[in-house]
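Trainee: I would like to go through this model step by step, with a reason for each answer. Where should we begin?

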Amino acid sequence: MELKSTVTLHTGRRMPVFGLGTWELTRDTAGTVERALELGYRMIDTAVDYGSQPGIGEALGRTAIPREEIFLVAKVEENDQAYEATRRYLDEMRQDYADLMLIHRPPRRGVGTDLWEGLVRAREDGLVREIGISNYSIEQMDRLTEEAGESPVVNQIEWTPFGWSPEMLDACRERRVVIQAWSPLTRARRLDDDTLRRIADRRDVTPAQVLLRWALQKETVPLPKANDWDHLVENPGALDIELDDDEMAVLDGLNEHWSAVGPAVQYL
Ligand SMILES: NC(=O)c1ccc[n+]([C@@H]2O[C@H](COP(=O)([O-])OP(=O)(O)OC[C@H]3O[C@@H](n4cnc5c(N)ncnc54)[C@H](OP(=O)(O)O)[C@@H]3O)[C@@H](O)[C@H]2O)c1
């Protein structure tokens with residue numbers, strides 16, 4: 001596997017198996033994204049509240065890598081008018097289209113069918129290529145699919161050995177919805193976990209690489225954020241290692257429905 005390797009979405013379009021997260025990637029955003037692209041990263045994940053959209057636009061404008069080789073993921077917020085917001089966020093990134101636009105989280109009431117309809121319009125007008133969801137439970141995903149008449153290509157959710165859901169994994173596999181793993185590095189909070197360290201030391205890799213490899217072997221798509229140059233280089237090293245069944249089982253067993261951002265979310 002390499003950074004350019006792809007997974008096929010249920011629509012037939014291909015998406016890279018590994019991406020760069022950009023929440024709080026605010027220290028020289030454009031320079032960092034440009035360096036990531038030079039290193040071979042081909043997917044960039046953003047949202048309006050990350051503060052990274054303008055810098056991503058700058059990097060995409062500067063890089064020599066053709067736009068069609070880059071997979072840009074953005075999000076509409078639950079209170080947005082999806083079509084208008086898509087236009088606004090694209091303007092902020094100086095882009096004609098996003099490869100994937102997600103509903104950032106389910107709204108308080110309903111499951112966001114109106115947001116979905118706005119995104120369908122955006123897709124018809126060529127503003128987005130694919131549509132997906134984020135932070136949806138299985139029930140919410142199914143209700144949206146029923147109401148919208150089509151299923152999302154991606155559900156982007158928090159996903160680490162410390163907080164994951166076998167039920168969600170099975171449900172997404174059955175529905176051919178790809179899980180994108182957010183905060184796959186636990187926001188650096190659990191990197192010194194003893195079990196994780198033991199596996200990393202035995203393989204002479206880093207705890208971050210073990211976490212990312214675990215996500216990949218679960219057939220999910222990790223989106224590690226890294227502002228630091230060494231981290232940007234280190235993280236794709238996960239593509240070169242292979243965890244055995246015992247190591248995967250030990251990591252699976254770390255699940256305590258833990259979340260890096262507060263109380264456990266409902267799907268965990
Ligand atoms: N859909 C959603 O609701 C949602 C929610 C949260 C996140 N996300 C997406 O998922 C992405 C990733 O999640 P995240 O940013 O919350 O956290 P994360 O990727 O789990 O962790 C990022 C933190 O880990 C550090 N780090 C990176 N590589 C490292 C390494 N090799 N060794 C040690 N530390 C390392 C980073 O430091 P440096 O930056 O200093 O390198 C940063 O402090 C986000 O950026 C965003 O794109 C989506």
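Mentor: This is a predicted model. Begin at the ligand: one of its oxygen atoms has a polar side-chain atom of Lys225 at 2.7 Å. Taken alone, the ligand exposes 910 Å², and the protein buries 88% of that.

Trainee: Which residue has a backbone N or O atom 2.8 Å from an oxygen atom of the ligand?

Mentor: Lys225 and His104 are set aside here, as the contact of Lys225 uses a polar side-chain atom and that of His104, at 3.4 Å, uses an N or O atom in the side chain. The backbone contact at 2.8 Å belongs to Leu185.

Trainee: Of the residues around the ligand, which come nearest?

Mentor: There are 28 residues around the ligand. Lys225, with its polar side-chain atom 2.7 Å from a ligand oxygen, is one of the nearest group. The full group is Asp45, Ser183, Arg187, Lys225 and His231.

Trainee: Which strands stand at the edges of the sheet?

Mentor: Eight strands form an open sheet with parallel pairing, in the order β3-β4-β5-β6-β7-β8-β9-β10. A strand at the edge has a single partner, so one side of it is left without a neighbour in the sheet. The edge strands are β3 (20-21) and β10 (221-222).

Trainee: What is the bridge partner of Ala98 in β7?

Mentor: Strand β6 (residues 98-103) and strand β7 (residues 128-134) run parallel and are joined by five bridges. Within β7, the partner of Ala98 is Val128.

Trainee: And which residue of β9 is the bridge partner of Glu158?

Mentor: Strand β8 (residues 154-158) runs parallel to β9, with five bridges between the two. Glu158 has as its bridge partner in β9 Trp182.

Trainee: How many of the residues of β9 are buried?

Mentor: Val178, Gln180 and Trp182 point one way from β9, while Ile179 and Ala181 point the other way. Residues on both sides are buried. For strand β9 (residues 178-182) the count is therefore five of five, buried meaning under 20% relative accessible area.

Trainee: Is Leu196 buried or exposed?

Mentor: Leu196 is placed in helix α7 (residues 194-203). Its relative accessibility is 0%, and the cut-off for burial is under 20%. Leu196 therefore counts as buried.

Trainee: Which parts of the chain does the salt bridge between Lys218 and Asp252 tie together?

Mentor: The closest N and O atoms of Lys218 and Asp252 are 3.1 Å apart. The two residues lie in parts that are 34 residues apart in sequence. The parts tied together are the loop between α8 (207-217) and β10, which holds Lys218, and, for Asp252, helix α10 (residues 245-252).

Trainee: In the salt bridge of Arg175 and Glu174, which residue counts as exposed?

Mentor: The side chains of this pair meet at 3.5 Å, N to O. Arg175 has a relative accessible area of 28%, which makes it partly exposed. At 64%, the exposed residue is Glu174.

Trainee: Which residues make the nonpolar surface patch of about 260 Å²?

Mentor: Trp229, in helix α9 (residues 229-234), is partly exposed at 42% relative accessible area. Patch residues need over 30%, so Trp229 passes that cut-off. The patch is made by Leu39, Trp229 and Val233.

Notes:
Residues numbered from 1 in each chain as written. Predicted model: local features only at pLDDT ≥ 70, side-chain atom pairs only at ≥ 80, totals over all residues. Heavy atoms only, no water. Patch = residues over 30% accessible without salt bridge, like charges linked within 9 Å, V, L, I, M, F, W, Y side chains within 5 Å. Areas by Shrake-Rupley, 256 points an atom, 1.4 Å probe, with all protein chains shown as cover. Salt bridge = Lys/Arg side-chain N within 4 Å of Asp/Glu carboxyl O. Helix = DSSP H or I, 4+ residues; strand = E, 2+ residues; numbered from the N terminus. Buried < 20%, exposed > 50% of the residue type's maximum accessible area, 1.4 Å probe, protein only. Near = heavy atom within 4 Å. Polar contact = N/O pair within 3.5 Å; in protein donor to acceptor, adjacent residues only side chain to side chain. Pairing = 2+ DSSP bridges.
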